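This report introduces a protein structure to a reader who has not met it before. Please view the sequence and the model together while reading.

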Amino acid sequence: MKFRNALVVSVLAVSLAACGSKVEVPAAHVAKIMTKDGYKADTIGTSKFRLDWCWAYCDKLVLLDASDQAVSEKMELFMPEDKLNMTFDLRLTMIINPNKYEELFARIPPVDQNGVDIISWNKAYVTYAQQIVRAEAREFLSDFTIAEIASSRETINAQLSQRLTKSINEKTPFQVRYVGLADIQYPKIIVEAQENAAERREKVQQEEAQLQISKVQLERQLQEQQLQRKVD
């Protein structure tokens with residue numbers, strides 16, 4: 001009886017081992033099946049299925065995060081024309097180019113996260129895109145003065161977006177959906193100069209307004225005196 005029970009347990013264990021495990025490819029991910037000889041050819045989209053049965057070596061599912069992601073690069077840039085530092089956030093929204101999935105599976109090793117083998121979006125970004133984003137932004141913005149950036153921010157932002165989009169799309173596995181400058185912190189001396197200039201403009205406007213009031217008052221007095229002389 002004991003022998004029979006042991007035999008039943010062994011058969012069940014072998015059967016369970018031979019039956020591939022259930023796996024899932026969640027939304028905004030793609031996957032490939034890794035065998036003992038490497039990845040299978042097909043890339044798998046969102047789905048649920050069971051891996052092939054196995055004996056000694058079992059296949060495993062490797063996920064790649066293919067979702068849209070927002071990135072914020074906080075940067076400090078020395079402005080050559082002004083000899084001052086300016087800090088700002090460079091914000092991007094990007095997606096992995098579907099034509100580059102195979103490249104990422106081949107070049108970035110997956111990491112086990114809670115029992116799931118996954119190639120993270122952030123790992124791909126840091127490896128291929130981050131340095132290009134920062135270098136291109138520095139090179140482009142350093143050609144301007146701080147005053148030019150402050151007065152023509154929308155135009156410069158559009159030009160920066162065009163340049164980064166072209167560079168990232170051509171040189172990295174990513175595609176750009178949005179690029180923008182945000183939270184620009186100008187040097188204190190520039191801010192104070194702008195505030196002083198604004199204060200001077202306000203005083204000039206106040207003086208001009210007071211002059212107009214005085215002019216109206218004098219003209220009214222002159223008209224009254226002219227009318228009084230006619231009456232006299």
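The report below treats the sheet, a helix, the nonpolar cores, the salt bridges and the disulfide in turn.

The structure is a predicted model.

## The five-stranded sheet

Strands of a sheet pair through backbone hydrogen bonds, either parallel or antiparallel. In this model, five strands form an open sheet in the order 3-2-5-9-8, and their pairing is mixed. At the edges stand strand 3 (38-39) and strand 8 (111-113), each of which pairs on one side only.

Strand 3 is joined to strand 2 by two bridges in the antiparallel sense. In this part of the sheet, Thr-35 faces Gly-38 of strand 3. Strand 5 and strand 9 run parallel and are connected by three bridges; here Val-62 stands opposite Asp-117 in strand 9.

On the other side, strand 9 pairs with strand 8 in the antiparallel sense, over three bridges. Asp-112 is found opposite Asp-117 of strand 9. Strand 8 and strand 9 also make up a hairpin, with two residues between them. Asn-114, in the turn of this hairpin, has a positive phi of about 55 degrees.

## One face of helix 3

Which residues of helix 3 (residues 121-128) are buried? They are Trp-121, Ala-124 and Tyr-125. Viewed down the axis of helix 3, these buried residues fall within an arc of 100 degrees, so they line one face of the helix. A general rule applies to such patterns: an α-helix has 3.6 residues a turn, so residues three or four places apart point the same way.

## The nonpolar cores

The largest nonpolar core has 40 residues. Phe-88, Leu-90, Leu-141 and Phe-174 are the residues with the most contacts inside this core. Strand 7 (residues 84-96) gives the most to the core, contributing six residues.

Leu-141 may serve as an example of the contacts involved. Leaving aside residues up to four places away in sequence, Leu-141 touches Leu-77, Met-79, Phe-88, Ile-149, Ile-156, Leu-160 and Leu-181.

There is also a second, separate core of nine residues. Among its members are Val-25, Ile-44, Leu-61 and Ile-118.

## Salt bridges

Side chains of opposite charge can pair when their charged atoms come close. The model contains 15 salt bridges. Three of them are listed here with the distance between the closest N and O atoms.

| Salt bridge | Closest N and O atoms |
|---|---|
| Glu-102 and Lys-32 | 3.1 Å |
| Lys-60 and Asp-117 | 3.8 Å |
| Lys-171 and Glu-136 | 3.5 Å |

The salt bridge of Glu-102 with Lys-32 links distant parts of the chain, 70 residues apart: Glu-102 belongs to helix 2 (residues 101-107) and Lys-32 to strand 2 (residues 29-35). Glu-102 is partly exposed, at a relative accessible area of 39%, whereas Lys-32 is buried, at 2%.

The salt bridge of Lys-60 with Asp-117 connects strand 5 (residues 60-65), which holds Lys-60, to strand 9 (residues 116-119), which holds Asp-117; the pair therefore ties together parts that are 57 residues apart in sequence. Lys-60 is partly exposed, with 30% relative accessibility, while Asp-117 is buried, with a relative accessible area of 13%.

The salt bridge of Lys-171 with Glu-136 involves two helices. Because Lys-171 lies in helix 6 (residues 153-171) and Glu-136 in helix 4 (residues 130-141), the pair ties together parts that are 35 residues apart in sequence. Lys-171 is exposed, having a relative accessible area of 53%, but Glu-136 is buried, having one of 12%.

Elsewhere, salt bridges that share partners join Lys-74, Asp-89, Arg-91 and Asp-183 into one network.

## The disulfide

How many disulfides does a search of the whole structure find? The search finds one. This disulfide is formed by Cys-54 and Cys-58, whose sulfur atoms are 1.9 Å apart. The link of Cys-54 and Cys-58 is right-handed, with 65 degrees about the S-S bond.

Are the two cysteines buried or exposed? Cys-54 has 6% relative accessibility and counts as buried, because the limit for burial is under 20%. Cys-58, at 39% relative accessibility, counts as partly exposed.

Definitions and conventions. Residues numbered from 1 in each chain as written. Predicted model: local features only at pLDDT ≥ 70, side-chain atom pairs only at ≥ 80, totals over all residues. Heavy atoms only, no water. Salt bridge = Lys/Arg side-chain N within 4 Å of Asp/Glu carboxyl O. Helix = DSSP H or I, 4+ residues; strand = E, 2+ residues; numbered from the N terminus. Buried < 20%, exposed > 50% of the residue type's maximum accessible area, 1.4 Å probe, protein only. Pairing = 2+ DSSP bridges. Arc of directions from axis to C-beta. Core = buried A, V, L, I, M, F, W, Y, C linked by side-chain atoms within 4.5 Å. Contact = heavy atoms within 4.5 Å. Disulfide = S-S within 2.5 Å.
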